[in-house]
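Me: I have a model open on my screen and would like to talk through its charged side-chain contacts. Could you take me through them one at a time?

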Amino acid sequence: MVNSLLEYLILNYLEKERICGYDIITLLHERFHTLLSPGQVYPVIDRMAEQGLIRKERMGRAVILEASSLGESLLKAWREEFRAIEMQLSNVRTEGLRAVA
């Protein structure tokens, strides 16, 4: 589950702009105040590239990443799933409040 969340966050960042792996680590640290090591992030990036979810392009010493159309489709599907879960949770809360009243 953790890798799936990391994949989701990586695709989410790559949807907005083309960036390198170091930028992803920095953005994750800024957003979640958790410093992931390159050894945690780069294997996920490599696996995502092997699966065709992202593309890599070497620019000098940096490797720039971007979401592929497959990656964008997966991101969209995840977002729809998250919305469905959120709606279900909202319904459960609403029904729970009605039962208490």
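Me: Is Arg47 buried, partly exposed or exposed in this predicted model?
Reply: Happy to help! The relative accessible area of Arg47 comes to 28%. Buried means under 20% and exposed means over 50%, so with 28% Arg47 is partly exposed.

Me: Which residue does Arg47 form a salt bridge with, and is that partner buried or exposed?
Reply: The partner of Arg47 is Glu7, with the closest N and O atoms 3.4 Å apart. Arg47 sits in helix H3 and Glu7 in helix H1, 40 residues apart. Glu7 has a relative accessible area of 10%, and because the cut-off for buried is under 20%, Glu7 is buried.

Me: Which helices does the pair Glu15 and Arg79 tie together?
Reply: These two residues form a salt bridge, their closest N and O atoms being 2.7 Å apart. They are 64 residues apart in sequence, so the pair ties together distinct stretches: Glu15 lies in helix H1 and Arg79 in helix H4.

Me: What is the relative accessibility of Glu15, and what is that of Arg79?
Reply: Glu15 counts as partly exposed, and Arg79 counts as partly exposed too. The value for Glu15 is 39%, and for Arg79 it is 21%.

Me: Where does Arg18 lie, the residue that meets Glu57 in a salt bridge?
Reply: The N to O distance in this salt bridge is 2.5 Å. Glu57 belongs to strand S2, 39 residues from Arg18. Arg18 itself lies in the loop between H1 and strand S1.

Me: How many salt bridges are there in the whole structure?
Reply: We have discussed some of them, including Arg47 with Glu7. A search of the whole structure gives a total of five.

Methods
Residues are numbered from 1 along each chain as its sequence is written. This is a predicted model: local features need pLDDT of at least 70, side-chain atom pairs count only at pLDDT 80 or more; totals for chains, interfaces and linings use all residues. Side-chain values use heavy atoms; hydrogens and water are left out. A salt bridge is a side-chain nitrogen of Lys or Arg within 4 Å of a carboxyl oxygen of Asp or Glu. Helices (H or I, at least four residues) and strands (E, at least two) are DSSP runs, numbered from the N terminus. Buried means under 20% relative accessible area, exposed over 50%, partly exposed in between (1.4 Å probe, protein chains only).
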